[in-house]
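Student: I am new to this structure and should be grateful for a close look at one part of it. Please describe that part and then place it in its surroundings.

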Amino acid sequence: MLNELLLSPLDQAHRAAGAGLTDFGGWLLPLRFGSDLAEHHAVRQAAGLFDLSHMAQLTITGSGAGAGLNYALMGNHSAMPIGRASYSMILAPDGGIIDDLIVYRLGQDRFFIIANAGNRQAVVENLSQRLTGFAAEMTDQTLDRGLIAVQGPASPQVMAAAGLPEAADLGYYRAAEATLAGHKVILARTGYTGETGFEVSCERPAALELWDLLIRVGQPFGLVLAGLAARDSLRLEAAMPLYGHELDRDTTPAEGGQGAFLRSKEADFVGKAALARRPVTKHLVGLKGVGRRAARAGYPVFLDGQEVGQITSGMLSPTLGYLIALASLAGPEPAPGTALQVAIRGQMAEFTVTKLPFYSKEKI
Amino acid sequence: MTNVPADLFYTADHEWVRQPEGSVARVGVTEFATLALGDVTFLDLPSVGDGVEAGSQCGEIESTKSVSPLYAPVSGTVSAVNDAVLDVPELVNQDPFGQGWLFEVNPTTHGGLLDAEAYAALIAIEDHPG
């Protein structure tokens, strides 16, 4: 079974580090290197190093690339300045979400996309189909590249120590091509943790050398290796959606809590007509609770004795010390402070609707 | 290879028991289990005086990522519960065979327990999490 999983360019390093490995999106990846809570706290307080080589990496080039992406995805990519990134989604014709992804503009006619590993095939198939007729070519570079993230308040110092002091000046959701230890990389100030952080895309053969370099220069700043468990707990505190939990084919961007970031636009795009006529039937809300028994994905949620939806993700927040959860609820959006009940394996537990995100770093 | 103390007995569900034929049998989960679970955040344990039955669920162990049933490795009456792990569940990860013990039972009978050698062989063929 394991032989069918794709291996990261850092696989040998993970085994040597004693990582606990897991199947994620068809890849064998570190779930944790030691304690997932320690990894989580290190990212909030110093820095963590993540292997994201499973994520889909696509390039779209050509004079029609911007216009083609405008049609294929949500967002106005042709109007985005070079060096910017934007959060976007690829929708099915019925308005359901095929995937959420980030689009980076690297040149006038050159875009780079990072999408979820588990949706790579669907994204590649739909994108290439939708780009037909535009002067644009898509290349799936996933298996030829690696992706490493440095996340946490110390990440600018770590990048500087690695040889990229200009990283500190890169604004949020900005990207630039750079050279790191002699290797051409795409450096982006994006992440999935709610902290200052960087993502470094490199050619696959360079990944191991860059990984080792970042560990070596990062350790004096408190950098630790971090796995997917910490990545999940960090993103949930920051209320960032995870495909398959908060987002799926049966959910529109607004129903997935992303309506404020992703609005419709004047130009036509796949899913636009459906979004215009499809009513919003559910809302993504934040819940907090007391005690230590987490409300987990799939648990039913009740309002005034009526089942109104279910938990999409939940845990005992390592940073905040109380229970947090995201829930998808039918009907009108409940106001913050509304009392709800979650059935946790047969026992009703009290939760309160709260504003999102649960955690946000102090504004600098 | 994870630690498998030779003086303990084990279940295939990764609980350990000390002195299952003595007057007091102490129960916990193995290091292998803690590596698979991740950091333990909550424990639902039986109370002193509760009867437990070998092989039946008697509680829950919840970690950052999952919830797993806890099975009693022996039958009998619970005689003590480790309050320390209820307050500090991380003790289970830090010292699963020592301070991270869960509860004690005055045992009557036990299901077929594994000795350390048999348990080590069992976890060697399972997907190694650590």
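**A pair of strands and its surroundings**

Tutor: In this predicted model, strand S4 (residues 47–51) and strand S10 (residues 145–151) of chain A run antiparallel and are joined by 4 bridges. Within this pair, A:Asp51 stands opposite A:Ile148 in S10(A). Strands of a sheet pair through backbone hydrogen bonds, either parallel or antiparallel.

The two strands belong to an open sheet of 6 strands in chain A, whose order is S11-S12-S13-S10-S4-S14 and whose pairing is mixed. At the edges stand strand S11 (175–180) and strand S14 (223–225) of chain A, each of which pairs on one side only. On average, neighbouring strands of this sheet are turned by 25° against each other, direction ignored.

Two helices accompany the sheet. Helix H5 (residues 155–162) of chain A packs on it and touches S4, S10, S11, strand S13 (197–203) and S14 of chain A. The direction of H5(A) makes about 130° with that of S10(A). Helix H6 (residues 207–218) of chain A runs at about 15° to S10(A) and lies across S4, S10, S11, strand S12 (183–188), S13 and S14 of chain A.

H5(A) deserves a further word. Because 6 of its 8 residues are buried, H5(A) is largely enclosed by the rest of the structure. The buried residues are A:Ser155, A:Pro156, A:Gln157, A:Val158, A:Met159 and A:Ala162. They pack against S4, S10, S11, S13, H6 and S14 of chain A. Just after this helix, A:Gly163 takes a positive phi of about 115°.

Returning to S10(A), one may follow the contacts of A:Ile148. Leaving aside neighbours within four places in sequence, A:Ile148 is in contact with A:Leu49, A:Asp51, A:Leu52, A:Val200, A:Ala207, A:Leu210, A:Trp211 and A:Leu214. A:Ile148 also belongs to the largest nonpolar core, which has 82 residues. The residues with the most contacts inside that core are A:Ile90, A:Phe111, A:Ile113, A:Ile148, A:Leu187 and A:Leu210. Strand S7 (residues 97–107) of chain A gives the most to this core, namely 6 residues. Another core, of 35 residues, lies apart from it and includes B:Val27, B:Ala33, B:Leu43 and B:Leu70.

The loop between S4 and S5 of chain A holds A:Ser53. This residue has 26 C-beta neighbours inside 10 Å and therefore counts as buried, the threshold being 20 or more. Apart from neighbours within four places in sequence, A:Ser53 is in contact with A:Ser8, A:Pro9, A:Leu10, A:Gly146, A:Leu147 and A:Ala207. By contrast, 35 Å separates the C-alpha atoms of A:Ser53 and A:Glu266, which are 213 residues apart along the chain.

Beyond that loop, strand S5 (56–61) of chain A is one of the elements against which the buried residues of H3(A) pack. The others are strand S6 (85–91), S7, strand S8 (110–115) and helix H4 (120–131) of chain A. Helix H3 (residues 65–72) of chain A has 6 of its 8 residues buried, so it is largely enclosed by the rest of the structure. Those buried residues are A:Ala65, A:Gly66, A:Gly68, A:Leu69, A:Asn70 and A:Ala72.

A wider view completes the account. Chain A is divided into domain 1 (1–277) and domain 2 (281–354), and the C-alpha centres of these domains lie 28 Å apart. Their contact takes 14 residues from domain 1 of chain A and 15 residues from domain 2 of chain A. On the domain 1 side, helix H2 (36–45) and helix H7 (228–237) of chain A each supply at least two residues. The largest share of that side, 4 residues, comes from H2(A). By class, the domain 1 side has 4 nonpolar, 6 polar and 4 charged residues.

Chain A also contains a closed barrel of 6 strands, running S15-S18-S17-S16-S19-S20 with antiparallel pairing. The twist in this barrel averages 40° from one strand to the next. Among its strands, S16 (residues 300–303) and S17 (residues 306–316) of chain A pair in the antiparallel sense over 4 bridges. There, A:Val301 stands opposite A:Gly309 in S17(A).

Finally, the contact between the chains takes 12 residues from chain B and 14 residues from chain A. The chain B side consists, by class, of 4 nonpolar, 5 polar and 3 charged residues.

Technical notes: Residues numbered from 1 in each chain as written. Chains lettered and ligands numbered in written order. Predicted model: local features only at pLDDT ≥ 70, side-chain atom pairs only at ≥ 80, totals over all residues. Domains from an automatic or database assignment. Contact = placed C-beta atoms within 7 Å. Nonpolar A, V, L, I, M, F, W, Y, C, P; charged D, E, K, R; others polar. Core = buried A, V, L, I, M, F, W, Y, C linked by C-beta atoms within 7 Å. Buried ≥ 20, exposed ≤ 12 C-beta atoms within 10 Å, placed from the backbone. Pairing = 2+ DSSP bridges. Axes fitted to C-alpha atoms, helices over the stretch in contact; angles between N-to-C directions.
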